[in-house]
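Biologist: I am new to this structure. Please take one part and go through it closely with me.

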Amino acid sequence: MSTVSPLSAPPASIDLAIGGMTCASCVARVEKALRRVPGVTAATVNLATERATVAAASDVPVQRLQQAVQLAGYEATPVTDTDTTTDEAARPTMRPAWWPAAAGALLTLPLVAPMLLQLVGVSWSLDGWAQLALATPVQFWLGAGFYRAAWKALRAGAGNMDLLVALGTSAAYGLSVVLMIRHAGHGMTHLYFEASATVITLVLLGKWLETRARRQTTDAIRALQALRPATARVLRGDTEVLLPLAQVRQGDLVRVLPGERIAVDGVVTAGRSLVDESLITGESLPVAKGVGDATTGGAVNGNGALTIRTLAVGAETTLARIIRMVESAQAGKAPIQRLVDRVSAVFVPVVIGVAGLTLLGWGLATGDWEQALLNAVAVLVIACPCALGLATPTAIMVGTGVAARHGILIKDARALELAHAVRTVAFDKTGTLTQGRPALVALQPAPGLQEEALLRLAAALQQNSAHPLAQAVLDAVRTRGVPVPPAHNAQALPGRGVEGQIQGRRVALGSSRLLQELGADPGALLPAATRLEAEGRTIAWLVDRTAAPATALGLLAFGDPVKPQAQAAVRRLRQLGITSVMLTGDNQGSAQHAAAAVGIDQVHANVLPADKAQVVRDLRRGGTVVAMVGDGINDAPALAGADVGIAMSSGTDVAMEAAGITLMRGDPRLVPDALDIARRTRATIRRGLFWAFAYNVLGIPLAAAGLLDPMLAGAAMALSSVSVVASALLLRRWRPTDAAPAAARGFREPAKVWA
């Protein structure tokens, strides 16, 4: 007798806000503590967002995770969906974030004043006891946080930036106290209170500037969150009731007045208006909405009132899903960050060792233990690894945020990092490069018949049909304003076409098979039919069978027209050095025609869904990094099999789930834009890491050699973090190549939200 073990529950994702982290070493230690908890399968900590994302079995209590973080020397609190980014303005009762740096500057300025006055030829010194009185509150009041964090790190058997600052400044402060007492009755000697106080003040200033700059990296999330209206006008019978958004239910009728934000995802049941969806899709032009059209929560209603039936609320809305995707990408860890984490894990112990060797080396070589201690202090201060921990996450946060602003949703950091290396882009044809619906592309009447007459007869037969080709004919009639006569006794000819009586004539419209069955001679129409079929067009023949033999009156050719932006997209890819490939299940003629119109480099026609995935695998085996772009269920295997999957949001949920990047509108030009922002983000990460390593690689030897004063070391350390974050913020200037100036769009509301 066999037993079947129950299926294990899927891992749950738990978000924690982590307090007390200061550098990359802290990140590594929190991750290590979380991964040790039984039932945890993965843990990722982001220094820039101060968040941890934990994948754990559903029976792992959050309290156990919090305890693990606390034992590592940090604080952890659960994050819920209702949590929003805090703002200083929202906490008026709390002290402003800049006050520690300002207080430190006021106390430190008199200590460094003698040094500054010497530069202009003024000799003045402050009494030692006065220096002690000014330096002590800086050291033990404003700097208390460094001691607390350093002690927690030591208790956990690890090191961090706070330990380096605490050791360095304590050594300078202690040396000053010893020298002051030793020389109390022998005149004034040089003290180093200004060094310890200046280092702490500069570090506090750097932390404030870094936090202030880092806050700008979350602008994308805050702007998206700001799109959520707090209330909605819900119709209860004939009465409008203003309800909190949390009380709106699926199926409710919501009324939206001109200028208001649409509160829910739904479908218009009454009214017409222009709707600005630019902050959700990146589309700069307003979209016309009428009865039956879908709406997205967060969009701005234009000039008309709308009544909308609610289809999705809360966490199920498009806006909520966008926010989750952006947050997920920003919390993710790029592969390159793992190298930084490995370096950071051993960085602090190595720095302490280098500082010890500096102290011993200088002391034993020169006998000047005072200078030896100052050099060791400089080593400890310059080596703080803040910039290493910030370089990657800040760039990812800004890059994914600015991409989301322009309708490009990057689901994870891995997709962002791989996208920079893409050298081949494979496109699905239908719905991706083409409109995805048939259109009447050619009319060829027989000699003696006008195009308008041919179209009128064809439309008369099709006016009650829901077939896609019939709709294409009726669309053409509406566009041209051609009157359509009634058709009598119209009936379908299964598998062949349709026939009916029109103004006393018996007319049929159908395939080439119907033409042959009726014995009609195509005559002069045959060359045009052959040419159009070679281009992959679908041909329908209009035949007059009032009298025998039947007569061909003309032909109609249908095709799926390419999107007007497709050619520009492929051209931009070529400028980026990227090869374009088309994968389609259509026939070779249709595929070649579309490829020629767009400028595609390679074509694979008559390809089944499984074959698409195989073509992608073959391209990858050739040593190239491949991105797949599609919008349908049949594209999902290829999207999942590519290095980077890019899905059109106009397509299916299956395609979007399989892709690492989702384009919020069906514009192929977003594909090169997505790859461009990925390349720029990758370059920003590399630049940030270069400078972060450069500060330490250059600074530590200079400090050990006695060429770097502790105060300069403190300034350089603070500058390193701020410069890395500022470098990442430059990504906010990125714009798609076709982006129109904001003033030209005529939309003030989005500009106000994103400002």
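Biologist: Take helix α12: is it largely enclosed by the rest of the structure or not enclosed, and how many of its 14 residues are buried?

Modeller: One caution before the helix: this is a predicted model. Now to α12. Eleven of its 14 residues are buried, so the helix is largely enclosed by the rest of the structure. Buried here means a relative accessible area under 20%. The helix covers residues 369-382. Its buried residues begin with Ala 372, Leu 373, Leu 374 and Asn 375. Ala 376, Val 377, Ala 378 and Val 379 are also on that list. Leu 380, Val 381 and Ile 382 complete it.

The length of α12 can be checked too. At 1.5 Å a residue, its 14 residues should span 20 Å. The end C-alpha atoms of the helix are 20 Å apart, which agrees.

For contrast, look at some aromatic side chains. The count comes to four aromatic pairs. One of them joins Phe 140 and Tyr 147. This pair is stacked, with 5.8 Å centre to centre and 20° between the planes. Phe 140 is partly exposed, at a relative accessible area of 43%. Tyr 147 is partly exposed as well, at 25%. Another pair is Phe 690 with Trp 691. That one is edge-to-face: the centres are 5.2 Å apart and the planes stand at 75°. Phe 690 has a relative accessible area of 52%, so it counts as exposed, because the cut-off for exposed is over 50%. Trp 691 has 47% and counts as partly exposed. Phe 140 and Tyr 147 also belong to one aromatic cluster with Tyr 173.

Finally, set the helix beside a sheet. Strands of a sheet pair through backbone hydrogen bonds, either parallel or antiparallel. Here six strands form an open sheet with antiparallel pairing. Their order is β16-β21-β20-β19-β18-β17. β16 (439-445) and β17 (488-493) stand at the edges. Each has a single partner strand, so one side of each is left without a neighbour in the sheet. On average, neighbouring strands are turned by 20° against each other, direction ignored. At the β16 edge, the partner is β21, residues 551-559. These two strands pair in the antiparallel sense over six bridges. One contact can be named: Gln 444 has Leu 555 in β21 as its bridge partner.

How values were computed: Residues are numbered from 1 along each chain as its sequence is written. This is a predicted model: local features need pLDDT of at least 70, side-chain atom pairs count only at pLDDT 80 or more; totals for chains, interfaces and linings use all residues. Side-chain values use heavy atoms; hydrogens and water are left out. Two strands pair if DSSP finds at least two bridges between them. Helices (H or I, at least four residues) and strands (E, at least two) are DSSP runs, numbered from the N terminus. Axes are lines fitted to C-alpha atoms, for helices over the stretch in contact, and angles run from 0 to 180 degrees between N-to-C directions. The expected span of a helix is 1.5 Å times one less than its number of residues. Buried means under 20% relative accessible area, exposed over 50%, partly exposed in between (1.4 Å probe, protein chains only). Rings of Phe, Tyr and Trp (its six-membered ring) pair if their centres lie within 6.5 Å; planes under 30 degrees apart count as stacked, over 60 as edge-to-face and the rest as tilted.
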